[in-house]
Each structure stands twice: as C-alpha cells, then as structure tokens.
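Mentor: Let us work through this model by question and answer. Keep the structure in view and ask in any order you like.

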Amino acid sequence: MKVSGKPFILYIEDDVEDVELLMHVLQQINCEVEIVHMSDGIKALEFLEQSKQLRQLPEMILLDINMSKLNGKETFVCLQADKTFARIPVVVLSTSNLPEDINYFKKFAIPYIVKPGEVARFKEELSVILEKLLVC
C-alpha cells in the first residue's frame, strides 16, 4: 500500500468493522491523519520494512491483540526487536479485557484501550491518547 506522504497511523486489525469505527471516530474528533490498515501482523511487518526503506514510517501503530497468523503480542515483540520500529508509539485497541493481556502491555507502558460497545466511550479514550501522541 502506498502512502501519500502525509502523517499516517498504521492500524493492525483483522476486523474491518473496527477499522471503520476508528475512521468514524477520527472524523468526529477532526483528526486529519491517514490510516493505513493491515489485517495481520505479518503483513504489517512487511509493510513496515518497506516503509523503513522509504524513510516513511507511521506516526503511531494501533494494534489489535486477537488476530490470526501473528497475534498482537507476537507482533509487538517483533516491533520491539527492531530499533527503528521500537521508537514508534504503540497503542493497543482490543476487545480483550483479560488482566493478563492488559498487564502484559502495561509493563511496557503501552496504552491499552478495551474496545467498548459504546462508541462515545471509545471516542473519548482514543481522543485522549491521540492528543498525547499526535497533533490532531
């Protein structure tokens, strides 16, 4: 996938409805950042390698945990193993509210948002994190 040269967020998520929800929330909070979507960790890592060669890395990575092929934790380990990728802020967006998942990312000081059924709450939590890490 080609990126326009604008700042972008890489969203690693296997559920298209969740990608659409994120796009909707970003529109509502007037955050004009491009979203590049990859449906699994393997595709995302391949994309990042290409992006590294082009010197065009994402401003942030939004990461789901429950994905096939390479889950969020495994993808995160791969990101941390690369000095370039390890500098990119990561935020976990997951339906998992399991303490072991939350605590895993907490020990790395990674923001973790449990995707709620309520869009307003999701919007509020995401807005706070984006304001800290991006200029929206």
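**Salt bridges, surface and fold**

Trainee: What separates K52 and E49 within helix 2?

Mentor: Bear in mind that this is a predicted model. Helix 2 spans residues 41–54 and holds both residues. K52 and E49 are 3 residues apart there, so the separation is about one helical turn.

Trainee: What is the N to O distance in the salt bridge of K52 and E49?

Mentor: The cut-off for a salt bridge is 4 Å between the side-chain nitrogen and a carboxyl oxygen. The K52 and E49 side chains meet in such a bridge. Their N to O distance is 3.8 Å.

Trainee: Which accessibility class do K52 and E49 fall into?

Mentor: Buried means under 20% relative accessible area and exposed means over 50%. K52 has 24% and is partly exposed. E49 has 34%, and E49 is also partly exposed.

Trainee: Which residues are joined into one network by salt bridges that share partners?

Mentor: Follow the shared partners from bridge to bridge. The network made this way consists of E13, D18, D64 and K115.

Trainee: How many salt bridges does the whole structure contain?

Mentor: The bridge of K52 with E49 is one salt bridge. Another links E13 with K115. A search of the whole structure brings the total to 7.

Trainee: What sequence distance does the salt bridge of E13 and K115 span?

Mentor: The closest N and O atoms of E13 and K115 are 2.6 Å apart, which makes a salt bridge. E13 sits in the loop between strand 1 and helix 1. K115 sits in the loop between strand 5 (112–114) and helix 6 (119–133). The pair therefore ties together parts whose distance in sequence is 102 residues.

Trainee: Are E13 and K115 buried or exposed?

Mentor: The threshold to apply is 20% relative accessible area. E13 has 1% relative accessibility, which puts it under that threshold. K115 has 11%. So E13 counts as buried, and K115 also counts as buried.

Trainee: Which residue of helix 1 also bridges to K115?

Mentor: Look for a salt bridge to K115 at 2.6 Å, N to O. It links distant parts of the chain, 97 residues apart. K115 is in the loop between strand 5 and helix 6. The partner in helix 1 is D18.

Trainee: What is the relative accessibility of D18?

Mentor: D18 counts as buried. Its value must therefore lie under 20%. It is 15%.

Trainee: Which residues gather in the patch of negative charge on the surface?

Mentor: One member lies in the loop between strand 1 (8–12) and helix 1 (16–28). That member is D14, partly exposed at 37% relative accessible area. The whole patch is D14, D15, E17 and E20.

Trainee: In what order do the helices and strands run?

Mentor: The protein has 6 helices and 5 strands. Read from the N terminus, the order is β-α-β-α-β-α-α-β-α-β-α.

Trainee: What radius of gyration goes with this fold?

Mentor: The protein has 136 residues, and the globule rule gives 14 Å for that length. The value for the model is close to it, so the protein is as compact as a globular protein of that length. The radius of gyration is 14 Å.

Trainee: What share of the residues counts as buried?

Mentor: The C-alpha atoms fill a box of roughly 40 × 35 × 25 Å along the principal axes. Of the 136 residues, the buried share is 46%.

Trainee: What phi does R55 have?

Mentor: R55 lies in the loop between helix 2 and strand 3 (60–63). R55 is exposed, at 79% relative accessible area. Phi is positive although the residue is not glycine, with a value near 55°.

Trainee: Which residue in the loop between helix 5 (99–106) and strand 5 has a positive phi of about 60°?

Mentor: The residue is not a glycine. Its relative accessible area is 67%, so it is exposed. It is A109.

Trainee: What is the C-alpha distance in space between Q28 and F108?

Mentor: Q28 is in helix 1 and is partly exposed at 38%. Q28 and F108 are 80 residues apart in sequence. In space, C-alpha to C-alpha, they are apart by 30 Å.

Key:
Residues are numbered from 1 along each chain as its sequence is written. This is a predicted model: local features need pLDDT of at least 70, side-chain atom pairs count only at pLDDT 80 or more; totals for chains, interfaces and linings use all residues. Side-chain values use heavy atoms; hydrogens and water are left out. Patches are made of residues with over 30% relative accessible area and no salt bridge: like charges are joined within 9 Å, nonpolar side chains (Val, Leu, Ile, Met, Phe, Trp, Tyr) within 5 Å. Accessible areas come from the Shrake-Rupley method with a 1.4 Å probe; for residues, only the protein chains shown count as cover. Lys and Arg count as positive and Asp and Glu as negative; His and the chain ends are not counted. The place of a charge is taken as NZ of Lys, CZ of Arg, CG of Asp or CD of Glu. Helices (H or I, at least four residues) and strands (E, at least two) are DSSP runs, numbered from the N terminus. Buried means under 20% relative accessible area, exposed over 50%, partly exposed in between (1.4 Å probe, protein chains only). The radius of gyration is taken over C-alpha atoms; the globule rule is 2.2 Å times the number of residues to the power 0.38.
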